[in-house]
Amino acid sequence: MAINTRSSVRIKPTYKQTAPEKKRRSVYEDVVSQFNRAADIMNLDSGVRKILGTTMNEVVVHFPVKMDDGRIEVFTGYRVQHNNALGPFKGGLRYHPAVDIDEVRALATWMTWKSAIVNIPFGGAKGGIQLDPTNYSVAELERITRRFTYALGNTIGPDYDIPAPDVNTNPQIMAWILDTYQSMMPAFERHRCLGVVTGKPIESGGSVGRDKATGQGVVYLIHEWAKDHNFDLSKATYIVQGFGNVGSWSARLMKPLGAKLIAVEDVTGAIADPEGIDPEDLTRYVLENRGVKGYPKAKPISHIEFLRTRADIFIPAALENQITAETAPLLNVRLVAEGANGPTDPEGDAILNQRGIDVLPDILCNSGGVIVSYFEWLQNKRSEFWDLQEVDCKLYKKIVGGYQRVKEAVSKYRVNWRTAAYIVALARLEKVYKERGIFP
Ligand code: NAD
C-alpha cells in the first residue's frame, strides 16, 4: 500500500522549545485562567461555570503493540471529553512525546469553545498518544493506531465522539481508525460508521477541502482583519512557525493575496529571505526533506532571529506556549493569527495587548478545521459529495459569522479578541444549559 504519511520521517526532532516549557507551567491552567477572566466579565451563571470549568470524561488507556523486531511496547493513549451540550464530542488526535493528560484537557476544552463560536453542533474533545512518531516504522504506527482505536472502544463513535487529525496525525491515520472501528461493528452497521472520524482520505469518505481547511480559515480571517483595518495584504509580509498541515496551507493560501512569506520555522530549524520564500516550492522541499532545514533558496537563521523578524503578520502554527513573557517582547509584527492551539500564554498575551499587537485568537482563528470536519460528517450522514466551491463558500460563511460575533463582543464588553471569543462561546453554552436545565 502506498503510505502517504509523515511518519516515515527519520529525522530526530528537538523538542527543546516545548518540553521544558511544559514542565514549568500547565497548559490547562492557562485555559482555566482565560475561562475565568471571561466568565467574570460576562457574569457567567455560577452553576454553568462549574459545569464548563471541568471536563466530563477522561479516558487513559495503556495498550501493548508488537514492534517490527518482535518486542512488545506498551503505549499510553488519552481521550478527554470536555463537553457535549451542543453536540457529539469532537476533536483531534495528536501523536507527540509531550502529550499528557494536562495538555489533552486543555485542547479538549478549547474545542468546546471553538464549535460554540462558529455555531456548529459539536462539543469538545481531544486525544493522543505519548510517542515520538519518528521512532516508529509505518507498519508500527499502523498497529499502534489500530490498537489504540480498539482500546478506546465505544469511547468514540459517529454520533458520540469524532476524532480528526492533529499534530503528527493525518488522513492515513484516520483511515486506519475508521477501518478498525468498522471492523469492531456488526456487518449491518458498518456503513453507518463512516463519520466516526473526519479528515479521512477523500476516497475513504473524506471531504474535499478538509486538508487545507484550517489554513483556509486562518487566511479568510486575516482577510477580514485586513478589510477592517484598511490594510493592503498585497503589500504585506508574513512569517510562519510550523510548516505542517496548518502552517504550509496558511502560507500557500496567503500567496494568491499577494503577501510575501519572509521567514519560516519548524522543528528542524528556521530560514529567512527578505525577498520572499515561495510557499509552494518550500512545501515540496519539506515533503522531500522532512523539514525546512537546508532549504537552499533561503538563509538559515536562529530561533531568536526568527522571532525578531520584522513582518506584518505572524502565523504560529506549531505547538503551545511559543509566545510568552520572554518571546512576546521580541515580536515585530502587527497581527498574530493563531493557527496553532494555545501558542500564546497569558503573560505573552498581556504583552501583545500592551504593545498594541492584534491577535486573532486560536479558538476563532483555527476553527476552519472543525468547520469542514462538520461538513465531512454531514456529507457522510447524507451520503453526499460536495464540491470545493460549496465547501469553501460554507466555510467562509461560518468562520466570518464567528468573526462578526467576536467583533461585536469586543465592542460590547471592551475586551480583547481572546476574551471576547470566550464570551461568545460561554454565552451560547449558558443559554443552552439554562433552556434545558439539569437532569433530574
Ligand atoms: P503538523 O504535525 O502537520 O505540523 C506541525 C508543525 O509544527 C511541523 O512543521 C513541525 O515541524 C512544527 N513544530 C513542532 N514542534 C516545533 C517547535 N518546537 N518549534 C517549531 N516548530 C515546531 O500539525 P498541524 O496539524 O499543522 O497542527 C499544528 C497546530 O495547529 C497544532 O497546535 C494543532 O493543534 C493546531 N490545529 C490543527 C488543526 C488541523 O486541522 N490539523 C486544526 C486546528 C488546530
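These legends go with close-up views of a predicted model.

**View 1. Helix α7, residues 213–228, and what comes after it.**
Here's a quick sanity check on a helix. With 16 residues at 1.5 Å a residue, α7 should span 22 Å, and its end C-alpha atoms sit 23 Å apart, which agrees. Of those 16 residues, 13 are buried, so α7 is largely enclosed by the rest of the structure. After the helix, look for Asn230, which has a positive phi, near 50°.

**View 2. The hairpin of β1 and β2.**
Strand β1 covers residues 57–66 and strand β2 covers residues 72–83; the two run antiparallel and are joined by 10 bridges. To trace one pairing by eye, start at Val65 and go across to Glu73, its bridge partner in β2. Between the strands there are 5 residues, and in this hairpin Gly70 has a positive phi near 95°.

**View 3. The second largest pocket and its lining.**
The space in this pocket comes to about 360 Å³. Its lining is made up of 18 residues, and the ones nearest the centre are His191, Arg192, Cys193, Asn380 and Lys381. Sorted by class, the lining has 7 polar, 6 nonpolar and 5 charged residues. Zoom in on Cys193 and you have a buried residue, because its relative accessibility is 4%, under the 20% cut-off.

**View 4. Cys393 and the question of disulfides.**
How many disulfides does the count give? The count is 0. Cys393 shows why a bond is ruled out there: the closest cysteine sulfur, in Cys365, is 20 Å from its own, too far for a bond. Cys393 counts as partly exposed, at 40% relative accessibility.

**View 5. Two arginines with positive phi, Arg290 and Arg414.**
Neither of these is a glycine, yet phi is positive in Arg290, near 65°, and in Arg414, near 50°. Arg290 is in the loop that links α9 (279–289) to β9 (299–301). Arg414 is in the loop between α14 (388–413) and α15. Buried or exposed, what about their surroundings? Arg290 is partly exposed, at 33% relative accessible area, while Arg414 counts as exposed, at 76% relative accessibility.

**View 6. The cis peptide bond at Pro440.**
Check the backbone going from Phe439 into Pro440: this peptide bond is cis, and omega is near 5°. Pro440 falls in the segment after α15, the helix of residues 417–436.

Notes:
Residues numbered from 1 in each chain as written. Predicted model: local features only at pLDDT ≥ 70, side-chain atom pairs only at ≥ 80, totals over all residues. Heavy atoms only, no water. Helix = DSSP H or I, 4+ residues; strand = E, 2+ residues; numbered from the N terminus. Expected span 1.5 Å × (residues − 1). Buried < 20%, exposed > 50% of the residue type's maximum accessible area, 1.4 Å probe, protein only. 1 Å grid on protein atoms, 1.4 Å probe; cavity = no way out; pocket = protein on both sides within 12 Å on 5 of 7 lines; lining within 4 Å. Points joined across faces, edges and corners; volume = space filled by probe spheres on them. Nonpolar A, V, L, I, M, F, W, Y, C, P; charged D, E, K, R; others polar. Pairing = 2+ DSSP bridges. Disulfide = S-S within 2.5 Å.
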